[in-house]
Amino acid sequence: MASQSLNCWRCLLKPNISPSSAVQLSYLRSFSTTSIRGATVVKSKQHPGREKGLKASPRIKNKPKEKTGKPPAPGERKAVRKRIVLSNTNAIEVVGMEDLTKEMIDSGLKGSKKPMVHEEQPLEGVAEVPVPERTEEERRMVGKVVGLQGETVDGLRAVEAFKTTQGWGLFRRPGFLLREESVKLAKDMVAAAKGKESMRLVFDGPKQTGKSMMLLQSMANAFVKGWVVINIPEAQEVCNAVNDYAAIPGTTPTLWAQPTYTANWLNQIGKANAKILSKIQIKGKYNLPIVIPPKTDLARLCELGNRDPDAAWQVFQVLWSELNQEGGRPILLTMDGLNYTMRESEYRDQENKKIHSHDLAILQFFLDHLSGNKKLVNGGAIIAATSRSHSPISISMELALKQQLEKQAAQEVTQRDPFERKYDERVEKALSNVPAVKLGGLSKAEARGLMEYWAQSGVLRQRVDDQTVAEKWALAGNGIIGEIQRGALRMRI
């Protein structure tokens with residue numbers, strides 16, 4: 001029993017292999033570990049420089065392209081982006097379109113008394129029939145398009161009043177639609193010049209309602225009437241930290257000048273108003289860092305300020321002082337994009353804190369006149385327009401404009417939200433007493449007049465009747481002028 005149990009445990013611990021089975025296993029084992037260790041190692045077909053375990057990128061790496069063309073010069077791409085085309089020779093000339101004149105502005109944007117008829121040679125032997133003068137209702141120009149004379153177009157181009165989104169390149173020559181707001185604007189500007197008062201106004205409204213176009217109309221009126229026009233085309237360019245800037249010594253709180261922008265601004269003012277400024281000579285004595293020859297006219301002063309950016313702001317102050325002498329011309333100050341000035345700018349001071357937009361010298365100059373803190377000696381107007389296209393939101397500006405519109409309509413004035421902490425006292429103070437106009441859609445009569453002008457120019461190729469006008473007017477959000485233009489001219493099915 002003991003020997004059997006010992007053999008059983010021995011079987012479990014180390015199985016006994018008979019000689020015959022050992023020979024059979026050695027016959028089946030045909031490999032040797034020694035040959036495997038001595039064999040040459042076959043390298044894997046891995047991409048050189050790629051670590052093990054990483055997958056190959058499916059992207060095909062192309063060779064770098066050789067630069068064959070000349071790169072664009074500094075500022076060339078910006079010039080192409082901002083290029084304005086004001087004439088289209090393929091468009092049809094609109095017969096009978098009146099031009100904007102002094103008489104039209106003085107009469108409240110009414111047309112001439114003579115009817116617009118084609119000039120034809122009278123037939124022989126046929127008596128010429130006298131044509132009666134037009135009545136007051138027929139002279140009314142609301143809902144009609146007026147053209148701009150060449151001299152006015154040059155001035156508007158110099159102050160950068162035209163925008164790339166306004167579709168000027170579709171028509172034979174520039175013109176704009178007269179709205180009800182256009183008539184009131186012209187009357188207020190004429191009254192301000194006669195009474196030597198400072199007219200102040202802010203245009204507000206939804207996107208594409210014609211706010212920038214109303215600014216253009218005010219500048220066109222000023223050029224026709226012989227005013228001095230000073231325009232800030234885009235307030236965004238003054239606030240977004242793309243210009244060099246420096247603190248003005250001796251100012252409390254510290255004001256900041258922008259030398260290069262001011263120099264270019266002087267050049268713009270000089271070109272746009274060259275006909276007027278060339279007739280005005282400097283009368284006072286000023287201490288400037290540049291030499292001013294005696295009997296220098298203001299157009300030449302703008303050229304000297306443009307040459308030396310470091311002295312540009314001081315030169316502008318001299319220019320402004322001379323323009324506000326007694327007996328001078330009325331002045332129009334305009335600015336587009338008011339939203340950007342009602343917040344902190346992107347510039348920073350010595351302590352790396354953001355500079356408020358009202359501490360920038362150019363903007364403080366404009367807002368002092370817009371708020372009424374400073375007056376125009378010879379009368380004129382200060383007009384600004386808001387922007388609703390990718391513009392920052394200023395709750396203080398929104399509240400101030402809403403309160404002003406409610407006051408003008410004799411409604412209950414909206415009060416501050418007691419739980420809101422982001423109100424800006426400086427913004428509310430600047431806009432507290434500024435009259436505002438909220439633009440909306442065109443009336444159907446104005447929309448019809450605009451569409452008839454498009455049809456006469458050959459751009460709109462469909463009949464303009466009540467049904468078509470009502471359809472375009474409704475699809476454009478009750479007459480939003482930008483949507484009417486997009487739906488009628490740009491969206492062709």
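# Exercises on cavities, a parallel sheet and a salt bridge

The largest cavity of this predicted model encloses about 60 Å³ of space.

**Exercise 1.** Determine how many cavities of 30 Å³ or more the structure holds, and describe the lining of the largest cavity.

*Solution.*
Step 1. The count of cavities of 30 Å³ or more is 2.
Step 2. Around the largest cavity stand E160, A161, K163, S212, L215, L216, M219, N231, P233 and D336.
Step 3. By class, this lining comprises 5 nonpolar, 2 polar and 3 charged residues.
Step 4. Helix α9 (residues 211–225) supplies the largest share of the lining, with 4 residues.
Step 5. One lining residue, E160, belongs to the loop between α7 and β2. The phi angle of E160 is near 60°, a positive value in a residue other than glycine.

**Exercise 2.** Characterise the second largest cavity by its volume and by the residues that line it.

*Solution.*
Step 1. The space in the second largest cavity amounts to about 40 Å³.
Step 2. Its lining consists of I92, V94, M97, R172, R173, Y453 and S457.
Step 3. These residues divide into 4 nonpolar, 1 polar and 2 charged.

**Exercise 3.** Establish the strand order of the open sheet, and explain why β4 and β11 each have one side without a neighbour in the sheet.

*Solution.*
Step 1. The open sheet is built from 5 strands in the order β4-β7-β10-β3-β11, with parallel pairing.
Step 2. Because β4 (228–232) and β11 (436–438) occupy the edges and each has a single partner strand, one side of each lacks a neighbour in the sheet.
Step 3. From one strand to the next, the twist averages 15°.
Step 4. The partner of β4 can be examined in detail: β4 and β7 (residues 331–336) pair in the parallel sense over 5 bridges. Within this pairing, I232 is placed opposite M335 in β7.
Step 5. Helix α9 lies across β3 (198–204), β4, β7 and β10 (380–385), and runs at about 160° to β7.

**Exercise 4.** Identify the partner of E234 in a salt bridge, and decide which parts of the chain the pair ties together.

*Solution.*
Step 1. Side chains of opposite charge can pair when their charged atoms come close.
Step 2. The structure holds 24 salt bridges. One of them joins E234 to K163, with the closest N and O atoms 3.1 Å apart.
Step 3. E234 is located in the loop between β4 and α10 (236–239), whereas K163 is in the loop between α7 (150–158) and β2 (175–177); the pair therefore ties together parts that are 71 residues apart in sequence.
Step 4. K163 also appears in the lining of the largest cavity.

**Exercise 5.** State whether the peptide bond from T252 to P253 is cis or trans, and locate P253.

*Solution.*
Step 1. Omega for the bond from T252 to P253 is near -10°, and the bond is cis.
Step 2. P253 falls in the loop between β5 (246–247) and β6 (256–257).

Conventions. Residues numbered from 1 in each chain as written. Predicted model: local features only at pLDDT ≥ 70, side-chain atom pairs only at ≥ 80, totals over all residues. Heavy atoms only, no water. 1 Å grid on protein atoms, 1.4 Å probe; cavity = no way out; pocket = protein on both sides within 12 Å on 5 of 7 lines; lining within 4 Å. Points joined across faces, edges and corners; volume = space filled by probe spheres on them. Helix = DSSP H or I, 4+ residues; strand = E, 2+ residues; numbered from the N terminus. Nonpolar A, V, L, I, M, F, W, Y, C, P; charged D, E, K, R; others polar. Pairing = 2+ DSSP bridges. Axes fitted to C-alpha atoms, helices over the stretch in contact; angles between N-to-C directions. Contact = heavy atoms within 4.5 Å. Salt bridge = Lys/Arg side-chain N within 4 Å of Asp/Glu carboxyl O.
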